[in-house]
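Q: Walk me through this model, and tell me how each label is earned.

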Amino acid sequence: MQEIKKYVEDNKQRFLDELFELLRFPSVSADPKYKDDVLKTADFVAQKLKDAGADKVEICPTAGYPIVYGEKIIDAGLPTVLIYGHYDVQPPDPLELWKTPPFEPTIRDGKIYARGACDDKGQFYMHVKAFELMMKTNTLACNVKFMIEGEEEVGSANLATFVKANTERLKADIVLISDTSMISMENPSIETGLRGLAYMEVEVTGPNRDLHSGVYGGAVANPATILCKMIASLHDENNHITVPGFYDKVLELTLKEREALNAAPFDLDEYKKDLDIDAEWGEKGYTTLERTGIRPTLEVNGIWSGYIGEGAKTVLPSKANAKISMRLVPNQNSTEISDLFTKHFESIAPDYVKVKVTPHHGGEPVVTPTDSIAYKAAEKAIEDSFGKQAIPTRGGGSIPIVALFEDVLGIKSVLLGFGLDSDALHSPNEKYDVFNYYKGIETLPLFHKYFAEFSK
Ligand code: BES
Ligand code: MN
Ligand code: MN
């Protein structure tokens, strides 16, 4: 531990400078205008893996953005840790709400502000630096493989093909991922589950063209109104989702499991204050932690129709659109849910409009074991480094690769994330605490150490 701390202390500034360099690449996978930048980011990551001491570093092409691979196999008899992360980021919009530009990382009050600071550049880069540390101090205890992808934020469409084609190369005993959150630095926690996702786009079409709202209004259905009604009908008065069959496969937790989940420190008043809301909302019969951890949800992510420019235009729009996503829990399946949604949404469309439903990406929910050697190694690493017992929590977000690794490779994951829910992931002014960055770099070598020890 002393040796680890010393190495981090001696290299503090450089570790930060390198992360800043990484954060300056606008690697937005969703927007083709950043294509060159995304590709340059992959080059940078590959170079840093090489510099840290990785062998067989390769920028593996896919039908989309490349996957950066690298490994250090020191002894076939030792366990192998596969580290997964993503170098792509969400779009920075709305730009005007950023206090400092998203791709010019800035430290304020001990926090690094930049798009990707926490999700996931700041977090996966901790692994690259922890690996460097273990190489330089001759303490690497496990074989290590890195797989850093560039399409996580757009659904990892090409990842399954890569994983299936590289089962031998990716062989490992555990997948280690830092792309999730902790409750707080005072209450370190480990996420033990992720929700799945079914993402849909819907289009409601009324008349064949935009109409004068005075000449035709009142006599022709307005698709914006109809879409709003259809969307509103997707939740009932108890905020249950009304899609028939939606809950059929949902795994209900036992009372004991629910109690354990609700025992985690959580202050509803703080939560409301932080979000500036007077009251929380959600499915009747469940707590806020349950609503985001173990229950499925349906959200409108975007909705548009008609005139939204300056001033007023009197128009009855021809079309109305929305992007709708559903978060899934065990044992729901994204394809099944996507089919159920499509059928239902088409069936509730009145005669005076036409409806088109297009599924986007999906991902399956997972629960990670808490009785495994790997989880115990993560627990012990946290305990050593934080001086506290890690609390298991269920995360609301999705990382589709986790289920894929299980299905295709048969490897379980440990979600050892150091972010905070308040890090503003996907929002303006995303941040990552400098403290968390260094803390992560200090904690990760301990995971490797204990994983090797416990595997003996
Ligand atoms: N790192 C997040 C997922 C996450 C965040 C998990 C916080 C747990 C806590 C990841 O980059 C992400 O944003 N995933 C997307 C899904 C993806 C298919 C676009 C998500 O959850 O919306
Ligand atoms: Mn992420
Ligand atoms: Mn993300």
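Q: What makes D119, E153 and H426 the protein donors of the manganese ion (ligand 3)?
A: Distance decides: donors are N, O and S atoms within 2.8 Å of the metal, or 3.2 Å for Na, K and Ca. Here D119 (OD), E153 (OE), E153 (OE) and H426 (NE2) lie 2.1 to 2.5 Å from the manganese ion (ligand 3). Water is not among the atoms, so sites may look incomplete.

Q: How far should these values be trusted, and how are things numbered?
A: This is a predicted model, where local features need pLDDT of at least 70 and side-chain atom pairs pLDDT 80 or more, while totals for chains, interfaces and linings use all residues; side-chain values use heavy atoms, without hydrogens and water. Residues count from 1 along each chain as its sequence is written, and chains are lettered from A and ligands numbered from 1 in the order in which they are written.

Q: Why is the site of the manganese ion (ligand 3) called irregular?
A: Its six donor atoms subtend angles of 56 to 156°, which makes the arrangement irregular. Six donors count as octahedral if opposite donors are over 155 degrees apart and all others between 65 and 115; four count as square planar by those same limits, or as tetrahedral if all angles lie between 85 and 135 degrees; anything else is irregular.

Q: What makes D119 a bridge?
A: D119 coordinates both the manganese ion (ligand 2) and the manganese ion (ligand 3), which are 3.6 Å apart.

Q: Which residues supply the protein donors of the manganese ion (ligand 2)?
A: The donors are H86 (NE2), D119 (OD), D179 (OD) and D179 (OD), at 2.0 to 2.4 Å. In sequence, the donor residues are spaced H-x32-D-x59-D. The pair links distant parts of the chain: H86 is in strand 3 (residues 80-86), and D179 is in the loop between strand 7 (174-177) and strand 8 (181-182), 93 residues apart. Strands (E, at least two residues) and helices (H or I, at least four) are DSSP runs, numbered from the N terminus.

Q: What angles does the site of the manganese ion (ligand 2) show?
A: Angles run from 57 to 166° among its six donor atoms, and the site is irregular.

Q: How do you know that H426 makes a polar contact with ligand 1?
A: A polar contact is a pair of N or O atoms within 3.5 Å; within protein, one must be able to donate a hydrogen and the other to accept it, and residues adjacent in sequence count only if both atoms are side-chain atoms. A polar side-chain atom of H426 lies 2.8 Å from an oxygen atom of ligand 1. For D119 the distance is 3.0 Å, and for H86 it is 3.2 Å.

Q: Why is ligand 1 said to lie between domain 1 and domain 2?
A: Domain 1 (2-194 + 365-454) and domain 2 (196-250 + 296-363) both give residues to the shell, so ligand 1 lies between them. The bounds come from an automatic or database domain assignment.

Q: Which residues come nearest to ligand 1?
A: Of the 19 residues around ligand 1, these are E152, D179, R327, S398 and H426. A residue is near if one of its heavy atoms lies within 4 Å.

Q: Where are the cis peptide bonds from D93 to P94 and between P330 and N331, by omega?
A: Omega is near -5° from D93 to P94, and about 0° between P330 and N331. P94 is in the loop between strand 3 and strand 4 (106-108).
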